[in-house]
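Me: I am new to this structure and would like to know what stands behind the words people use for it. Could you take my questions one by one?

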Amino acid sequence: MRVLLTGANGQLGSALCEVLGYETVIPKDLPDFNLMHSGVEEEIIGCAPDLIIHAGAYTDVDGAEREPDLAMAVNAKGTEQIARAAVRLRARLIYISTDYVFDGKQRIPYGEEDRPCPINRYGFSKWKGEQAVLTSGARTLVIRTAWLYGTAGKNFVKSIMRAAGSEPILKVVNDQSGCPTYAEDLAAAVASLVEKNIEGVIHVTNRGQCTWYEFAQAIVREMGLGCSIMPITTEQAGRLAKRPPYSVLSPDRLVALGFALPEWSQALKRFAKVAPLPLGYSS
Ligand SMILES: NC(=O)c1ccc[n+]([C@@H]2O[C@H](COP(=O)([O-])OP(=O)(O)OC[C@H]3O[C@@H](n4cnc5c(N)ncnc54)[C@H](OP(=O)(O)O)[C@@H]3O)[C@@H](O)[C@H]2O)c1
């Protein structure tokens, strides 16, 4: 099977290359492959994949408020081109989406059938990407995930580890709840879903939920970092983009298919064993 993977150098993309095998994957990413370019559809046709995993995206949530056209060009228009290529090739298409398609007003985990209602530009652009693939006519699976971290790329875990090296007290929001997800676990789940030929929409995160504050506390504990975490509100954090206060995704469909990802706290323990320590710390 020929698998074309966008966002191949990103957090999930790197983990997917490991899981699927570098020999199976046709990797695509910046700077050679740009989702904003009009030639994306033809480039993919030229590669003739059987399966496209579209993990590439504009992922800067605050940045998308400053440059919404860019976020839309990459996440919505770029995805439209990918979907058109999948239809022409009769290839299967997996689109990686986000918990940020929801507004966070619910207080029970979001199911696949719950109606998206994004409250920031990033979430809106990803939702448009979802619609592009789901209405394209291609055989499609939309995988919504959340709060991703891994060895490659930038993420919250690495930010806490870096900041802990220079600041004794870190302020972290305690009124947003979600599901931290280890890219390695998500990649393994994606590979299993590919094998099972699953279509539609599915939520895939590590199990359990926490706030960013609780997540930061666990990171400090697991990594043995010498700093304390102070809880603050979203308002106090003053970020540019609105965030859903509750974006926990229900694992019910995944469980019904016979999969269960590890608890987020267990996944973090595994990551702690392979994560590079920040400067100033020794193992
Ligand atoms: N990170 C999260 O917490 C999170 C949560 C839920 C869902 N997701 C979704 O999961 C997927 C994977 O996320 P991730 O954390 O692995 O993201 P990531 O590490 O930011 O990787 C995304 C990749 O896409 C590339 N990219 C950006 N703009 C592009 C463009 N114009 N053309 C081609 N490639 C481009 C990035 O390149 P550069 O690094 O050079 O920009 C990067 O290599 C994304 O679809 C994201 O929306 C992520």
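Me: Why is Asn 197 called exposed?

Reply: Happy to explain! Asn 197 has 9 other C-beta atoms within 10 Å. A residue is exposed if 12 or fewer other C-beta atoms lie within 10 Å of its own, buried if there are 20 or more, and partly exposed in between, with C-beta atoms placed from the backbone. Since 9 falls under the rule of 12 or fewer, Asn 197 is exposed.

Me: Before we go on, what kind of model is this, and how are residues numbered?

Reply: This is a predicted model: local features need pLDDT of at least 70, side-chain atom pairs count only at pLDDT 80 or more, and totals for chains, interfaces and linings use all residues. Residues are numbered from 1 along each chain as its sequence is written.

Me: What makes the phi of Asn 197 worth a mention?

Reply: Phi of Asn 197 is near 60°, a positive value in a residue other than glycine. Most residues other than glycine have a negative phi. Asn 197 sits in the loop between α7 (183-196) and β10 (200-203); helices here are DSSP runs of H or I with at least four residues, strands are runs of E with at least two, and both are numbered from the N terminus.

Me: Ala 48 has a positive phi too; where does Ala 48 lie, and why does it count as exposed?

Reply: The phi of Ala 48 is near 50°, and its place is the loop between α2 and β3 (51-54). Ala 48 has 12 C-beta neighbours inside 10 Å, so it counts as exposed.

Me: What joins Leu 30 and Pro 31?

Reply: A cis peptide bond, with omega at about 0°. Most peptide bonds are trans. Pro 31 belongs to the loop between β2 (25-28) and α2.

Me: Why is Thr 145 called buried?

Reply: With 24 other C-beta atoms within 10 Å, Thr 145 is buried, because the rule asks for 20 or more. Thr 145 lies in strand β5 (residues 139-145). Leaving out residues up to four places away in sequence, it touches Ile 96, Thr 98, Thr 181, Leu 186, Val 204 and Thr 205; touching, or contact, requires C-beta atoms, placed from the backbone, to lie within 7 Å.

Me: And why is Ser 136 partly exposed?

Reply: Ser 136 has 19 C-beta neighbours inside 10 Å. That count lies between the limits for exposed and buried, so Ser 136 is partly exposed. Ser 136 is in the loop between α5 (121-134) and β5. It touches Ala 83, Arg 84, Ala 86 and Val 87, not counting residues up to four places away in sequence. Although Ser 136 and Arg 84 are 52 residues apart along the chain, their C-alpha atoms are separated by 6.9 Å.

Me: How do you know how α2 and α4 cross?

Reply: Two packed helices are described by the angle between their axes and the distance between the axes. The axes of α2 (residues 40-47) and α4 (residues 68-89) come within 8 Å and cross at roughly 35°. Axes are lines fitted to C-alpha atoms, for helices over the stretch in contact, with angles from 0 to 180 degrees between N-to-C directions. The crossing is right-handed, a name given if the near helix is turned clockwise from the far one by less than a right angle, and left-handed if anticlockwise.

Me: What makes up the contact of α6 with α8, by class?

Reply: Phe 156, Val 157, Ile 160, Met 161 and Ala 164 in α6 meet Phe 215, Ala 216, Ile 219, Val 220 and Met 223 in α8. By class, that is 10 nonpolar, no polar and no charged residues. Ala, Val, Leu, Ile, Met, Phe, Trp, Tyr, Cys and Pro count as nonpolar, Asp, Glu, Lys and Arg as charged, and the others, Gly among them, as polar. The axes of α6 (residues 156-164) and α8 (residues 212-223) come within 10 Å and cross at roughly 60°.

Me: Which residues come nearest to the ligand?

Reply: Gly 7, Gly 10, Gln 11, Ala 57 and Leu 148 do, out of 27 around the ligand. To be near, a residue needs its C-beta atom, placed from the backbone, within 6 Å of the molecule or strand. By class, the shell around the ligand has 13 nonpolar, 11 polar and three charged residues.

Key. Two residues are in contact if their C-beta atoms, placed from the backbone, lie within 7 Å.
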